[in-house]
Amino acid sequence: MFDLLVKGGTLPDGRVADIGITAGRIAAVGQLDAQAGQVIEATGDLVAPPFVDPHFHMDATLSYGTPRVNASGTLLEGISLWGELRDIATVEDMVARGLRYCDWAVSMGLLAIRTHVDTTPDHLRGVEAMLEVKRRVAPYLDLQLVAFPQDGLYRSATGRANLLRALDMGVDVVGGIPHFERTMDEGAESVRDLCRIAAERGLPIDLHCDETDDPHSRHVETLAREVTRHGLGGRAAGSHLTSMHSMDNYYVSKLLPLIAESGLAAIPNPLINITLQGRHDSYPKRRGLTRVKEMQALGIRVGWGQDCVLDPWYSLGTADMLDVAFMGLHVAQMTHPDEIARCFEMVTQDNAAIMGLDGYGLQPGCTASLVVLDAGSPTEALRLRPDRLAVISKGKLVAQRNRNDARLSLPARPQQVRRRF
Ligand code: FE2
């Protein structure tokens, strides 16, 4: 007798299996002939572990147009707008926006999010708000917070002190932004400093790193070296790494093995990088995405991150990690069937590994969190970005939609099967 039984779904590896859930855990996977308190019929549907987003900014989300829109479309104007918004936003505003976004996320089967929270202002209202959101969503969504000194660890007078205060308040991960420090030297020193802090406190580290088109922005080299020096491999990530797109190829041939040796993971954010980078170019315009396939070929773990939804940097977004992977596979030219399948793994298991999630997966003993999609395979899910028919979090059904039969009768018209908020 199971609490919940998901019947007949197709798993990402192609197996067709029932999944029995008891006491918040996956109790059995296979052809199960047992009673259950609740049955979800998933024959013909893809049943996957939940989507995971390893890079987001929840303190800024759903604020688009406040105080005004980003007219230039650049990273720097976005940072400037955010600098105004963060001092007028109340804790209540940020909690309300964060909770609303988490509702969107759950409806899309996105059940774990790592969000960077700005630790620059002395009031630390963003930290207070995001700790509250984390507490309130904990029963159904795993929220991990990164102490992010948006205005620079050293460039802002109280940047370092406030980052440490945020960690003392219970923020989970050490963040940074070396390319935004005053000089290349101070950027490199911030990386060394932040890695020491992570090592001393036993915390993961995830730095915004080289988010620029400057081919000489090479803080990822310092990050990889320091991750190796402090043994932070497996709990360290470099986010964005866009300068690698523009770096000299010979230099990259030396850099990538250094990253692989360190165990540093990479988190490109394709929706944002394709829109923010290359804004100072005429033609040809650079794509601004880091070297995804080349890193994966060397065994470097790469995940896709969402980064922004309706905020000073990005005017769109839906909390759908399939949209993120869809953009990523286009920009990185990952169109071979194996590469498309890999993109689905990136927004599920690779992202989960980057966040260090315990009990993630569909094996017996794992936390009973999963999503049922109106698609037959990971490749079809990426093509259609279909309805999430059911979302189960920690053993409980948290979202459900009626099946849309249009997919079967009109497979060539994906607009018939897309449903949005
Ligand atoms: Fe970011």
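What follows is a friendly exchange between a reader and the author about this predicted model.

Reader: Before we start, what should I keep in mind about the numbering and the model?

Author: Residues are numbered from 1 along each chain as its sequence is written, and side-chain values use heavy atoms, with hydrogens and water left out. The model is predicted, so local features need pLDDT of at least 70 and side-chain atom pairs count only at pLDDT 80 or more, while totals for chains, interfaces and linings use all residues.

Reader: Glad to have that settled. Which atoms count as donors to the iron ion?

Author: They are NE2 of His-55, His-57 and His-208, plus OD of Asp-307, at 2.2 to 2.5 Å. Donors are N, O and S atoms within 2.8 Å of the metal (3.2 Å for Na, K and Ca), and since water is not among the atoms, sites may look incomplete. Along the sequence, the donor residues follow the spacing H-x1-H-x150-H-x98-D.

Reader: What makes the arrangement around the iron ion irregular?

Author: The angles subtended by the four donor atoms run from 85 to 175°, so the arrangement is irregular. Four donors count as tetrahedral if all angles lie between 85 and 135 degrees; four count as square planar and six as octahedral if opposite donors are over 155 degrees apart and all others between 65 and 115; anything else is irregular.

Reader: Why can His-208 and Asp-307 be said to tie together separate parts of the chain?

Author: His-208 sits in strand β10 (residues 205-209) and Asp-307 in the loop between α9 (292-297) and α10 (321-331), so this pair links parts that are 99 residues apart in sequence. Helices (H or I, at least four residues) and strands (E, at least two) are DSSP runs, numbered from the N terminus. By that count the protein chain has 13 helices and 15 strands. Both His-208 and Asp-307 are buried.

Reader: Why is Cys-195 called buried?

Author: Its relative accessibility is 0%, so Cys-195 counts as buried. The cut-offs are under 20% relative accessible area for buried, over 50% for exposed, and partly exposed in between (1.4 Å probe, protein chains only). Cys-366 is also buried, because its relative accessible area is 8%. Across the protein chain, buried residues make up 59% of the 421 residues.

Reader: How many disulfides are there?

Author: The count is zero. A disulfide is a pair of cysteine sulfur atoms within 2.5 Å. For Cys-195, the nearest cysteine sulfur is that of Cys-209, 9.5 Å away, and Cys-195 is in no disulfide.

Reader: How do you know that the size of the chain agrees with a compact globule?

Author: With 421 residues, a compact globule would have a radius of gyration near 22 Å, and the protein chain has 21 Å, so the two agree. That radius is taken over C-alpha atoms, and the globule rule is 2.2 Å times the number of residues to the power 0.38. Along the principal axes, the C-alpha atoms fill a box of roughly 65 × 45 × 45 Å.

Reader: What makes Asp-214 partly exposed, and Ser-246 buried?

Author: Asp-214 has 30% relative accessibility, so it counts as partly exposed, while Ser-246 is buried because its relative accessible area is 17%. Asp-214 is placed in the loop between β10 and α6 (219-230), and Ser-246 in the loop between β11 (236-240) and α7 (249-262). Contact means heavy atoms within 4.5 Å. Leaving aside neighbours within four places in sequence, Asp-214 is in contact with Met-184 and Ser-243. Ser-246, not counting residues up to four places away, touches Asp-213, Pro-215, Arg-286 and Arg-291.

Reader: Which peptide bonds and phi angles deserve a second look?

Author: Most residues other than glycine have a negative phi, and most peptide bonds are trans. Here a cis peptide bond joins Thr-66 and Pro-67, with omega about -5°, and another cis bond joins Tyr-283 and Pro-284, with omega about 0°. Pro-67 lies in the loop between β6 (51-56) and α1 (75-88), and Pro-284 in the loop between α8 (270-276) and α9. As for phi, Leu-124 has a positive value near 50°, and His-240, which is not a glycine, has a positive phi of about 80°. His-240 lies in strand β11 and counts as buried because its relative accessibility is 1%. Leu-124, at 2% relative accessibility, likewise counts as buried.
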